[in-house]
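Here are a few exercises to work through with the model open beside you. Try each task before reading its solution.

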Amino acid sequence: MNAAPSLAWDGAPAAEEPVLPMKPETPRAIHLKDYRPPAYLIDKVALDFDLDKTRTRVRSRLSVRPNPDARGKAGALKPVPLRLDGENLELASIALDLKPLGKKDYRLTDSGLTLLKPPSEPFTLEIVTFVDPEANKALSGLYRTNNVYCTQCEAEGFRRITYFLDRPDVLATYTVRIEADPNEAPILLSNGNLLERGVLQGGKRHYAVWRDPFPKPCYLFALVGGDLAPIASSFRTMSGREVALGIYVEHGKEERAAWAMDSLKRAMRWDEQRFGREYDLDVFNIVAVSDFNMGAMENKGLNVFNDRLLLASPETATDTIFEAIEAVIAHEYFHNWTGDRITCRDWFQLCLKEGLTVFRDQEFSADERSATVQRIVDVRQLKTHQFAEDAGPLAHPVRPESYIEINNFYTATVYEKGAEVVRMLQPLLGSEDFRRGMDLYFERHDGEAATVEDFVRCFEDVSGIDLTQFRLWYSQAGTPELVCALRYDKGKKTAELDIEQVLPATPGQPHKKPLHIPVKLGLLSGNGDELALKLDSGETVPDGILPLTKRKHTFRFVDVPSRPVPSLLREFSAPVNVTIDLSDRDVEFLMANDGDLFNRWQAANSFATRTLVDMVSILAQGKSSARGNRYAKALGATIVSDALEPAYRAEVLKLPTQADVARVIGKNVDPALIHRAHRALSRMIGRALGDTLETLYASMAGNGAFSPDAASAGRRALRNAALTLLSARGGKADAARLAKHYADATNMTDRAHALFLLAAEGGPAAERALADFRDTWMHDNVVIDTWFAAQAQSPLAGTLKRVEALTRHPLFALTAPNKVRALIGAFAAGNPVQFNRPDGAGYAFHIDQVLALDRINPQIAARMLGAFRSWRTLETGRRGLARKALQRLARSKDLSSDVHEIVSKILEG
Ligand code: 0A1
Ligand code: ZN
């Protein structure tokens, strides 16, 4: 658990490796600049698993050869030691070309095995190891969850299964034989196509052999064995091949897999139509497991899913979960091309597969649903998570330059900002060249382990546009700010727009170069018409895109008949913050008139944010404020418009979160004041728009059977958004409506929404609902998490005590990541007012949990620690208490390298 990452970079390992047994080393950083091709390649892998709960035998036969691309300067192939990664393994035997090796032929440490004098010609290596799946609580490598054997190898989990070159630029074909007790594991799955299966020892054992013909890195290897229920279907690809589709879930949950299957088929069709990508194997299997560190994993032909993101029925899953399942199913499927067929050369290139695949799944969701609403949801998510990350001590470039623990880099920056960077290529190149660039990437790099440079070069090659400056998006951290000003000259009928890029310093990057930024602009006339964009140079502005390249630009527009109102950064054309001095009147005008619906929402959201920021400072002076009424009025006009779809109106009605307001305030943050302002504004809106909201609440009620489609979900979202604001008024009738909403709910969307609102209010009605929910769902491992989260997020004073008690609840377990996220994660990241208690008890509790978790599952422990990423922006009192708690953690003995890396950065940054 404590071992440092292996020296994956140097093909030729350091000559002096310590002799066994080795103490865990101090965590050591790995740098992109040190990348070297591997000294050896492995072309073929044959694995043979004998599954056993505590002592699984793994026999691995590797076809190894020296890497011709790793020759020394003189061009000679000098045999160098072969260092294989391995962790938590019991080595039983090792043979080279069938000859058993003795102890003097290799060196064994806690982190690997080194063959001292391998042959200079190709050879086979046969290694037998034993692993203990039951004891594996880090959920990396081979483990057991809910009696199912399963693997997770990304990023560096394969080394916990067998000794190997555990790095993504070693591509091999795999043949996998799995043997098990048929009662315990009737289903045996691995990557690729099934070759053979059979019964052994008169039925006491059985086996299956799988073969994956596509060379892949070991992080895409997967194995599953267990008693699971299959759901089968099929898909005919664009060239007419029939692919067998299988989803495997816990018995009794089969019906809940229907939405995932439907989403999968739609995703497969979409990738053919939009990107010309066809599926390549004869089978595509997905398995849902209960304990999983992340959302899902794209193993070739055998995706593994966290069951929370696969199982859904109207009674058990909210619309948000239905949408997430559709998106994640698509995401993992799309990885088949962006990740599996073309993989990453090294882990620094993680955004190559993740940013691109998030972009692809966002585009899929936009096509399946409302494009504008999807963009709003994605941008909201980006700002809440990535902008906050980018503004604090954990800021890093989309392509980091060093890491201690790669698992700490599965971040909002790599994923979400990475997607935005890919997205910007469209406005910069035009959609035709963007598609041609993608086609070239698929054609040129199929079967390879590629880099970000390779990717960008494809777009340069098809468009002829120099993207040198654009590449800085991959290497510079921080969210650029565009400081804008617009001047109108009535006499000359000109409008001048100044845009200055301000690039904030981030850890290790005090100075930045200006970026290549596409800014999509519109100018609106007084009656809301779009004005033609004519520059004084005579140039037009195609599609309204201004490509910024300098630190400062002034754009001079001519023939502007009246003072225009600027609509900046339409469709959120770049991941930046925009500041411009617009009056409340201008913002109201944009809210009512902007032809770009994304920006209309953006106007509403900015108006709400600045209202809240003002209210916080008024409250800080001990005064009360009526500032919210103007915003409430502007909102009223938007939400009654039947021309706007309900899902869109629901987004407009949702206030920025308290964390968003904290991020905008940026320093001396008092979460209690933000909470008060937030409540006050909700109450004001509820009161000012009461009649409208009641009408919406009544008219958006569903009639007929539940359907997860976007339009129906939009109506539920709007109705629930109205309910939130009506409940904020706090009247008797409002409380009764809320209790009835819970009691009458016929689906989980409505029920869960009411449960969260009730739990936030507290009192007998809340306790009744919580007890009812618990009694109904205590036997459902997925649904009960909503019960934990609703309590953890309640802003009431007694919440911490309650959360502490819940950590001892029989349904809670620190070994189950979903439970940890639902209780501890929801408290720390979703309850700003109680996590940031002025007495510091929230921080102390959280650090205790991180410490306990670190002994079990360091990846999850490190992730939980992210809750402190903005601690320096807090007001002095809380900041001091947070520091104390973090220092206590930093001083603790035997921290994992995962937690060590995060806590050091958080304290230093
Ligand atoms: N590649 C997956 C995410 C993932 C990453 C690491 C994991 O284990 C440590 C598991 C999954 C994806 O993007 O969906
Ligand atoms: Zn991914």
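**Exercise 1. Which residues are the closest to ligand 1, and how many surround it?**

Step 1: collect every residue with a heavy atom within 4 Å of the ligand, which is what counts as near here. You should end up with 15 residues around ligand 1, the closest being Glu-154, Glu-298, Glu-332, Glu-354 and Tyr-415. A word on the source: this is a predicted model, where local features need pLDDT of at least 70 and side-chain atom pairs count only at pLDDT 80 or more, while totals for chains, interfaces and linings use all residues. Residues are numbered from 1 along each chain as its sequence is written, chains are lettered from A and ligands numbered from 1 in the order in which they are written, and side-chain values use heavy atoms, with hydrogens and water left out.

Step 2: sort the shell by class. That gives 5 nonpolar, 5 polar and 5 charged residues; Ala, Val, Leu, Ile, Met, Phe, Trp, Tyr, Cys and Pro count as nonpolar, Asp, Glu, Lys and Arg as charged, and the others, Gly among them, as polar.

Step 3: ask which elements contribute. S20, H2 and helix H3 (350–368) each supply at least two shell residues. These are DSSP runs numbered from the N terminus: helices are H or I with at least four residues, strands are E with at least two.

**Exercise 2. Which ligand 1 atom does the side chain of Glu-298 reach?**

Step 1: look for polar contacts, meaning N or O pairs within 3.5 Å. A polar side-chain atom of Glu-298 sits 2.7 Å from a nitrogen of ligand 1.

Step 2: check two other residues. The side chain of Glu-354 has an N or O atom 2.8 Å from a ligand oxygen, and for Tyr-415 the distance to a ligand oxygen is 2.7 Å.

Step 3: look at the cover. Alone, ligand 1 exposes 360 Å², and the protein buries 97% of that (Shrake-Rupley, 1.4 Å probe).

**Exercise 3. What is the strand order of the open sheet of 5 strands?**

Step 1: pair up strands that share at least two DSSP bridges. The order comes out as S17-S18-S19-S21-S20, with mixed pairing. Strands S17 (229–236) and S20 (296–297) are the edges, each pairing on one side only.

Step 2: zoom in on S19 (283–289) and S21 (302–306), which run parallel and share 5 bridges. Ala-288 has Phe-305 of S21 as its bridge partner.

Step 3: add H2 (319–334). The helix lies across S19, S20 and S21, at about 150° to S21. Contact means heavy atoms within 4.5 Å; axes are lines fitted to C-alpha atoms, for helices over the stretch in contact, with angles from 0 to 180 degrees between N-to-C directions.

Technical notes
Polar contact = N/O pair within 3.5 Å; in protein donor to acceptor, adjacent residues only side chain to side chain.
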